[in-house]
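Here is a short tour to keep beside the viewer. Take it one topic at a time, and look up each part as you go.

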Amino acid sequence: MVTFAAGLLDATVQAATVLILAGLGELITERAGVLNLGVEGMMLAGALGGFIVTVLTGSHWLGFGVGILCGMALALVHAFLCITLKSDQVISGVMITLLGGGLTTYFGSAWVEESIDGFPEVTLPLIGEYLVEIPLIGEAFFRSTATDYLALLLVPLGWFFLTRTNLGLELVSIGEDPETADTMGVSVFRLRYLAVLIGGGFAGAAGAHLSLAFSGLWVPGMTAGRGWIAVALVIFAQWRPSRLLIGAYLFGLLDAFRLRSQSLSLSLEPGTPLASVFNPVIDFLTNPQIMGTYPYLATIIVLTYAVARTKGDRLAVPDALLEPYTRETD
Amino acid sequence: MADHAFLRMEDIYKEFPGVVANDHIDLSVNGGEIHGLLGENGAGKSTLMKILYGLYTPDSGEIYLGDDRLELDTPQDAIDAGIGMVHQHFKLIPRLTVAENVVLGQREPAATFRADNDDSRLPESIRNNRVVKSLAETFSLGLDAPEQRIQELADQYGFDIDVSANVADLDVGQQQRVEILKALYRDVDLLVLDEPTAVLSPTEADRLFDSLSRLADEGLSIIFITHKLGEVTAIADRVTVLREGRRVDTVPVAETTQADLAELMVGREVLFRIEKDDAAHGDPVLEASGLRADDDRGIESLSGLDLTVREGEVVGIAGVSGNGQTELAEALAGIRELTDGDLRIDGADLTGASPRAFVDAGVSFVPEDRLRYGCAEELSVLHNAGMKAYREDRFADGPLLDYDELGRYAESLVEDFDIRGVSDVTDIDAGDLSGGNLQKLILARELDRDPDLLIANQPTRGVDVGAIEFIREAILEQREQGTGVVLLSEDLDEITDLSDRILVIYEGEFVYETTPENADRERLGIEMTGGRVADEPADAVNSPEAVAPTAATDGAESTDSTADVAAAGDGD
Amino acid sequence: MVGIDLTARENVPRWLNYATPVVTILLALACGAVALLALGVSPLAAYWTMFGDTLLSTFGRTQTLIKAVPLILAGLAVYLPLRAGLFNIGAEGQLVFGAIAGTWIGLNVELPSVLLLPLMFVAAGTAGAFLAGIPAWLRAKWDVNEIITSLLLTFVALQLQSYLVRGPMQDPTGNFPHTAQLSAAATIPEALLGVHAGLIVAVVAVAVTYVLVRKTGLGFEITFVGANDAAARQAGMSRFKIYLLVFVIGGAFAGLAGISEIAGLQGRLRAGFEPGYGFTAIPIALLGRNSAINVMLAGLFFALLFVGGSSMSVAYGVPAALVEILQALIILFLITAEFFKRYHVDIEFDRAGDAATGGEA
């Protein structure tokens with residue numbers, strides 16, 4: 001049981017890192033008023049770009065950096081379409097996901113055979129050795145890849161950026177009311193580009209983590225919907241970094257658990273009263289595929305609850321999300 | 001005359017397609033002066049101020065502030081020059097705090113990095129390093145020092161504001177004070193307030209006047225846009241009156257009376273004289289009692305109105321925009337929810353009924369905001385002509401809608417109402433029509449239904465001269481056929497020419513009733529603007545429980561997209 | 001100094017409406033040509049194989065029509081809400097729901113074909129309508145964004161399908177993630193030219209949609225609500241009714257797409273049976289947004305792209321992913337073109353200080 005829990009937590013941390021990275025980027029993009037549904041495609045680009053460079057150079061960090069750049073390259077397309085050309089953000093995003101899928105399948109076909117040693121798992125300097133000894137969570141949290149630590153570090157940084165820096169304040173303001181921000185001297189177009197590029201970079205990083213640390217392989221379509229979960233996660237978190245962290249672990253735990261639920265029977269002992277009633281229900285609810293719907297259902301419920309509770313006033317969603325900005329001229 | 005003036009706007013000319021919004025206007029404001037800018041909707045006040053704030057570029061004319069000639073291309077230029085503006089629709093971000101709203105765009109670094117912080121642990125040389133400075137301004141944010149300064153400003157002028165509160169948690173009066181603080185924080189020398197009392201209750205308005213006087217005493221120049229006479233006489237030193245894009249006069253307040261100002265503002269010339277016959281008034285078609293309703297922001301804007309309209313009677317409702325007309329018209333058309341009161345059409349209780357029930361009961365509606373409620377711009381003339389008629393049996397072709405018949409119907413409306421610019425009813429969109437022709441189309445659609453009750457809100461606003469006459473004739477024709485008409489207009493001539501009975505609405509209440517025969521323009525002008533009349537008890541005009549309504553709905557803003565409406569409705 | 005001046009077009013010139021999709025597609029093909037050249041394949045020959053050979057061969061035409069069935073139906077599922085101003089990006093999920101429900105009936109109900117097939121279609125349509133009804137209801141009732149909810153429900157549907165074909169609906173005779181083979185009675189018969197009768201369903205759906213939108217009072221209301229819901233309300237139309245209606249009908253069409261793909265072509269429901277028809281439906285609806293007929297044409301074009309793409313990839317050893325890229329490019333160019341339709345862009349090379357720049361720089 002203890003080994004099961006420790007293994008579960010370890011898998012949770014790994015799954016959560018992907019969601020934290022992609023989700024945090026998406027959160028920053030959306031706070032600036034741009035919805036990016038291309039996360040999945042950008043993650044794939046990051047995964048492949050990072051993988052190829054790591055195979056060629058042997059450097060994980062170089063690969064990670066290139067992964068980020070690949071994500072940003074696709075994000076630039078999205079930014080150009082949505083900010084400069086004021087295209088529909090939804091269509092642009094969906095198409096970038098398709099484009100990212102197609103491009104990575106096309107260029108990645110030669111790399112499917114390759115494999116690398118993943119990012120090494122390390123302990124933190126100085127105190128790491130002791131932290132690992134903590135029962136249950138020690139190994140899971142404190143013997144991880146550098147990117148796991150990085151993701152964890154980025155959450156408070158992201159929070160600090162959005163709430164405690166001038167740039168963050170301006171970024172939030174253009175997601176709320178670009179017209180007002182513009183009259184206050186904030187450069188709406190430049191900052192929206194920045195936000196979309198940050199989001200793309202984070203998505204690329206999430207993808208690179210997936211191929212470099214998580215699997216050590218490149219498989220077409222290897223993100224397997226995690227980009228969409230990241231989009232859902234931002235809504236689930238109601239656009240707050242702290243809740244995003246919680247949500248990422250929650251969704252990560254679900255992900256880890258559903259892959260392991262078979263090995264752990266939660267059914268009641270035969271003969272227990274009502275076992276025949278509860279057991280099929282428990283089996284159904286803990287089925288891996290059924291558990292795969294939970295993040296989406298939870299997000300719909302959170303979204304609906306938030307809207308219904310406030311009757312549409314003062315929602316957490318950035319006011320100007322999905323709205324292209326055009327400066328009023330005479 | 002303006003040699004010693006602080007601000008001089010000289011010979012400002014601005015034309016929108018089809019409309020001259022500012023026709024060679026001069027305006028001068030002295031240092032430390034509160035200057036009233038008075039005029040009806042569409043007089044050109046807002047256009048002039050948008051030019052001053054860099055939102056519009058004038059076609060010709062010059063602006064001087066102090067000794068400098070200003071080139072204002074963006075609001076930022078105006079801010080840099082020391083001009084601040086408090087818009088009617090606040091430019092505040094509700095989710096941010098007061099301090100964050102004030103410093104947005106100012107790039108205040110964290111305390112450690114501030115050049116003026118003597119307690120900082122960082123040596124001054126590092127703080128003054130350009131790279132460090134720019135990094136600190138980008139990647140840190142210090143609110144302590146700004147909050148302190150904002151608090152000082154607030155205290156100085158008697159604003160009770162919690163600088164760390166979210167703007168969303170403040171009431172409108174406080175939000176307005178935040179707007180003023182924003183300007184003060186940027187050390188403005190000239191502050192423009194666009195109809196600042198429109199969103200305030202009378203007590204809040206008094207507090208605002210108090211603060212403005214103190215600001216002026218400190219040497220700040222203030223331009224105060226309004227269409228309420230009482231406010232001008234209460235606070236301004238001088239007042240400039242605009243009418244139809246021209247400056248009528250600039251007078252010291254001490255040397256004038258409210259009656260003089262009303263005359264200057266409303267004017268005397270009468271555009272049209274329409275002969276109307278006496279019509280017999282029949283049974284009541286509309287009986288409304290105790291109507292209460294909120295505006296889009298949830299502020300009460302109808303405070304218990306009673307209104308009865310009989311067959312063949314035109315009841316004109318005069319008032320300056322923003323006193324509840326929009327909400328009244330919408331409530332009578334069934335598209336604004338009542339918070340209290342009863343509404344009967346032809347004797348049937350329609351309180352709380354759906355918009356469809358009002359349509360079916362024979363209520364026709366000519367909305368003030370044509371583009372929002374009156375039509376679908378991107379759809380054809382056929383669609384817009386048939387917007388209500390499509391349900392009628394004559395257009396049914398089995399289970400299908402007979403578009404051919406609908407087309408013929410639209411063509412007949414185009415013909416009968418002389419709607420120009422429609423070569424093909426299926427090919428021309430409503431948005432392609434000029435303001436006047438679009439209004440004729442809407443009127444045609446609403447009148448052709450042979451309504452029992454017609455609600456017409458500003459039916460001739462932004463409409464060309466030829467169409468105005470046509471529309472007024474059509475309304476009178478409808479009256480002769482026994483339709484009860486509620487005519488809401490800011491145009492006094494229109495009201496006196498068409499109405500059988502005149503009611504003046506002010507702050508959501510009817511404050512005065514008269515007939516065209518007995519109507520005295522000056523008296524009407526004073527009542528509309530909340531002015532005091534000697535023989536009238538003061539509380540009839542300025543009821544204490546009345547909450548001031550807002551001047552414009554959000555929808556009115558959307559009309560700005562079309563130039564002619566934007567110019568005509570620039571009072572928003 | 002270069003100033004870019006943007007002004008919104010008041011009227012889109014008529015020729016631009018027609019020229020846009022054509023130019024767009026040509027530009028995207030030109031981009032694809034670069035990739036083909038890089039692979040050492042002659043673009044002209046490859047494109048001839050892709051379009052010419054496909055259209056000229058009976059096999060190619062048949063395959064294109066078969067592919068077009070789900071694409072057209074799913075395209076309508078996006079198109080109809082679009083007419084009312086709503087965005088249904090969950091056609092994929094509605095399609096899967098329809099496939100599940102229809103297949104379940106097909107596997108578990110014993111009836112003669114004339115009764116069973118209609119029952120399967122009704123079940124599929126109902127299931128698609130149900131899934132589409134959720135975002136519509138949430139939007140109509142509480143203004144919950146329908147884009148997000150319809151998208152999320154798609155992933156719910158995909159997971160549910162994956163569960164069913166591995167669990168309750170799994171083929172008992174094997175261990176593969178698919179259902180048992182549908183019986184002959186539950187298989188859609190061939191209609192003409194080797195194309196199953198799902199094609200007739202698709203054509204009827206196009207006709208129904210066309211008539212509904214263009215010829216009925218309801219269609220009048222749909223159009224009006226989509227163009228200006230405030231004015232529609234003033235005229236006494238019910239936004240709630242219209243929002244539900246367009247999504248429910250659209251979802252039903254997507255459901256029909258699902259079952260016709262299973263019962264007409266694949267014979268059994270398997271995990272991942274549909275290669276993103278529901279997502280391809282978005283650009284199809286966008287291309288054909290002026291009328292249901294255009295949706296049909298756009299559906300046929302994308303079917304040609306799919307089928308021709310795979311023949312090209314077989315003939316020249318070009319990766320199939322290239323076709324996917326080509327599709328995405330066409331769509332991206334298309335939304336770029338939308339911009340030029342909506343705005344005049346004047347690029348001015350002028351003296352500094354004299355620049356009357358617009359909002360964009």
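Helices here are DSSP runs of H or I with at least four residues, strands are runs of E with at least two, and both are numbered from the N terminus. By that numbering, Asp143(C) sits in the loop that links α5 (113-142) to α6 (146-166) of chain C. Please keep in mind that this is a predicted model. The points below go from loop residues to chain B, then to the chain contacts and the annotated spans of chain A.

**Two loop residues with positive phi**

- Asp143(C) is not a glycine, yet its phi is positive, near 65 degrees.
- Is Asp143(C) buried, exposed or partly exposed? Asp143(C) is partly exposed because 13 other C-beta atoms lie within 10 Å, and the partly exposed class falls between 12 or fewer (exposed) and 20 or more (buried).
- Chain B offers a further case: Asp346(B), again not a glycine, has a positive phi of about 50 degrees.
- You will find Asp346(B) in the loop between β14 (340-345) and β15 (348-349) of chain B.
- With 17 other C-beta atoms within 10 Å, Asp346(B) is partly exposed.

**Chain B as a whole**

- Chain B holds 22 helices and 22 strands.
- Of its 572 residues, 52% count as buried.
- When contacts in chain B between residues at least 6 apart in sequence are considered, 71% of them join residues at least 24 apart.

**The six-stranded sheet of chain B**

- What is the order of the six strands in this open sheet of chain B? The order is β16-β19-β20-β13-β21-β22, and the pairing is mixed.
- At the edges are β16 (363-366) and β22 (509-514) of chain B, each of which pairs on one side only.
- On average, and with direction ignored, neighbouring strands of this sheet are turned by 20 degrees against each other.
- Inside the order, β19 (residues 453-457) and β20 (residues 484-489) of chain B pair in the parallel sense, over five bridges.
- To pick out a bridge in the viewer, start at Leu454(B), whose partner in β20(B) is Val485(B).
- Helix α16 (residues 435-448) of chain B lies across β16 and β19 of chain B, and runs at about 175 degrees to β16(B).
- Helix α19 (residues 521-528) of chain B lies across β13 (314-318), β21 (501-506) and β22 of chain B, at about 30 degrees to β21(B).

**The four-stranded sheet of chain B**

- Another open sheet has four strands in the order β2-β1-β4-β5 (chain B), with antiparallel pairing.
- Its edge strands are β2 (19-29) and β5 (68-69) of chain B, each pairing on one side only.
- Strand β1 (residues 7-16) of chain B runs antiparallel to β2(B), and seven bridges join them.
- Across from Arg8(B) in β2(B) you will see Ser28(B).

**A buried leucine in chain B**

- Leu191(B) belongs to strand β7 (residues 190-194) of chain B.
- Why does Leu191(B) count as buried? Leu191(B) has 23 other C-beta atoms within 10 Å, and the cut-off for buried is 20 or more.
- Apart from neighbours within four places in sequence, Leu191(B) is in contact with Gly84(B), Val86(B), Ala183(B), Leu220(B) and Ile222(B).

**Where the chains touch**

- Between chains A and C, 41 residues of chain A are in contact with 37 residues of chain C.
- On the chain A side, α3 (60-84), α4 (89-108), α11 (226-236) and α14 (288-310) each supply at least two residues.
- That side of chain A divides into 21 nonpolar, 17 polar and three charged residues.
- Between chains C and B, 15 residues of chain C are in contact with 23 residues of chain B.
- Here α8 (217-227) and α9 (229-234) of chain C each supply at least two residues of the chain C side, and α8(C) gives the most, with five residues.
- This side of chain C consists of six nonpolar, seven polar and two charged residues.

**Annotated spans in chain A**

- An unreviewed UniProt entry places the feature "transmembrane region" at several spans of chain A, including residues 90-112 and 193-212.
- Residues 90-112 of chain A are 83% helix and 0% strand, with their end C-alpha atoms 31 Å apart.
- Residues 193-212 of chain A are 100% helix and 0% strand, and their end C-alpha atoms lie 28 Å apart.

Technical notes. Residues are numbered from 1 along each chain as its sequence is written. Chains are lettered from A and ligands numbered from 1 in the order in which they are written. This is a predicted model: local features need pLDDT of at least 70, side-chain atom pairs count only at pLDDT 80 or more; totals for chains, interfaces and linings use all residues. Two residues are in contact if their C-beta atoms, placed from the backbone, lie within 7 Å. Ala, Val, Leu, Ile, Met, Phe, Trp, Tyr, Cys and Pro count as nonpolar, Asp, Glu, Lys and Arg as charged, and the others, Gly among them, as polar. Two strands pair if DSSP finds at least two bridges between them. Axes are lines fitted to C-alpha atoms, for helices over the stretch in contact, and angles run from 0 to 180 degrees between N-to-C directions. UniProt positions are given in the numbering used here, feature names are shortened, and annotations may be inferred rather than shown by experiment.
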